[in-house]
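Me: Could you take a close look at one part of this model for me, the empty space and what lines it? Then carry on to wherever the ligand sits.

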Amino acid sequence: MTEDSGVTRISTDEIRSRKGGAPLVCLTAYTTPMAKSLDAHCDLLLVGDSLAMVIYGLETTRGVTLDIMIAHGQAVMRGAQRSCVVVDLPHGSYENSHYKAVASACRVIEETSAQAVKLEGGAEMAETVAAIVNAGVPVLGHVGLLPQKAEHRGGFKIQGKDDEGAKQVMADARAIADAGAFALVIEGTVEPVARAMTEDVDVPTIGIGASPACDGQILVTQDMVGLFADFTPKFVKRYVDLGAALNDAAEAYADDVRNGRFPGLEHCFGVEKPES
Ligand code: KIV
């Protein structure tokens, strides 16, 4: 753990040591207030490139830059004191050269002080993961369904459904773990294969649509709280509908303003407090 204003922050080594232990609790976070609300309850907060869709209204996760991810990483670090914070490397910042991947990863850590970066990809990304880890930056892997590549792989398809697919994702998980990742996100993968991957690798697996067999779970917070309703994958459990609450609040506010009920005298300056 590292000391940060008196609060101990969970390190990537501690996340790694949780293999097979109490389930890791992980959520995405993009802003300071959100990080403040989630921090006490989570082991790991991911500044995911899902923010492209759930914050910026883009159609895929591909439209965000390293600068945008760094700005949100800084915002989350201002709000989270205890959780291990991981920032996604966005599409285009790591795939084509180890040099660029290491430079992007180091920039994220230097400019945000987050604990680690995450990148998507299987065996083809193993050397890149090793290069970043060798440069001193912990890496969270991401295998199975890969949103950054979904467009080129026929959409958001559940992985591991046939023998060939199962072998591929198993090999991907093994390659990324062997390359030195401290943990692996497994996304959108059938339960028996996610279970086998979890048994096969010696680092924790964090599932999203990948069954309770994983060593931990992550959800996109906007999905979990009803702030992104364009579509809701089967693996999401919604715990509250903040989208509906926001709509109701805006409706009540509009009604108050239009009917002269807001602001009241209690919201004004230089007005005698009415006697009660
Ligand atoms: O970008 C993201 O939020 C993610 C999670 C879905 C794991 O990668």
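Reply: Sure, and keep in mind that this is a predicted model. Sort the lining of the largest cavity by class and you get three nonpolar, two polar and two charged residues. The names behind that split are Leu 145, Leu 146, Ala 150, Arg 153, Gly 155, Lys 157 and Gln 159. With Gly counted among the polar residues, Gly 155 goes into the polar group. The space inside this largest cavity comes to about 40 Å³, and the count of cavities of 30 Å³ or more is one.

Now for the ligand. The space it takes is the largest pocket. Around the ligand you'll find Thr 28, Leu 46, Gly 48, Asp 49, Ser 50 and Asp 88, along with Lys 118, His 142, Val 185, Glu 187, Ile 208 and Val 220. By class, that shell splits into four nonpolar, four polar and four charged residues.

Several side chains in the shell come within polar-contact range of the ligand, taking 3.5 Å as the cut-off for N or O pairs. In the side chain of Ser 50, an N or O atom is 2.5 Å from a ligand oxygen. For Lys 118, a side-chain N or O atom lies 2.9 Å from an oxygen atom of the ligand. Asp 88 also takes part, with a polar side-chain atom 3.1 Å from a ligand oxygen. As for cover, the ligand taken alone exposes 260 Å², and the protein buries 96% of that.

Conventions. Residues numbered from 1 in each chain as written. Predicted model: local features only at pLDDT ≥ 70, side-chain atom pairs only at ≥ 80, totals over all residues. Heavy atoms only, no water. Near = heavy atom within 4 Å. Polar contact = N/O pair within 3.5 Å; in protein donor to acceptor, adjacent residues only side chain to side chain. Areas by Shrake-Rupley, 256 points an atom, 1.4 Å probe, with all protein chains shown as cover. 1 Å grid on protein atoms, 1.4 Å probe; cavity = no way out; pocket = protein on both sides within 12 Å on 5 of 7 lines; lining within 4 Å. Sits in = over half its atoms within 2 Å of the grid points. Points joined across faces, edges and corners; volume = space filled by probe spheres on them.
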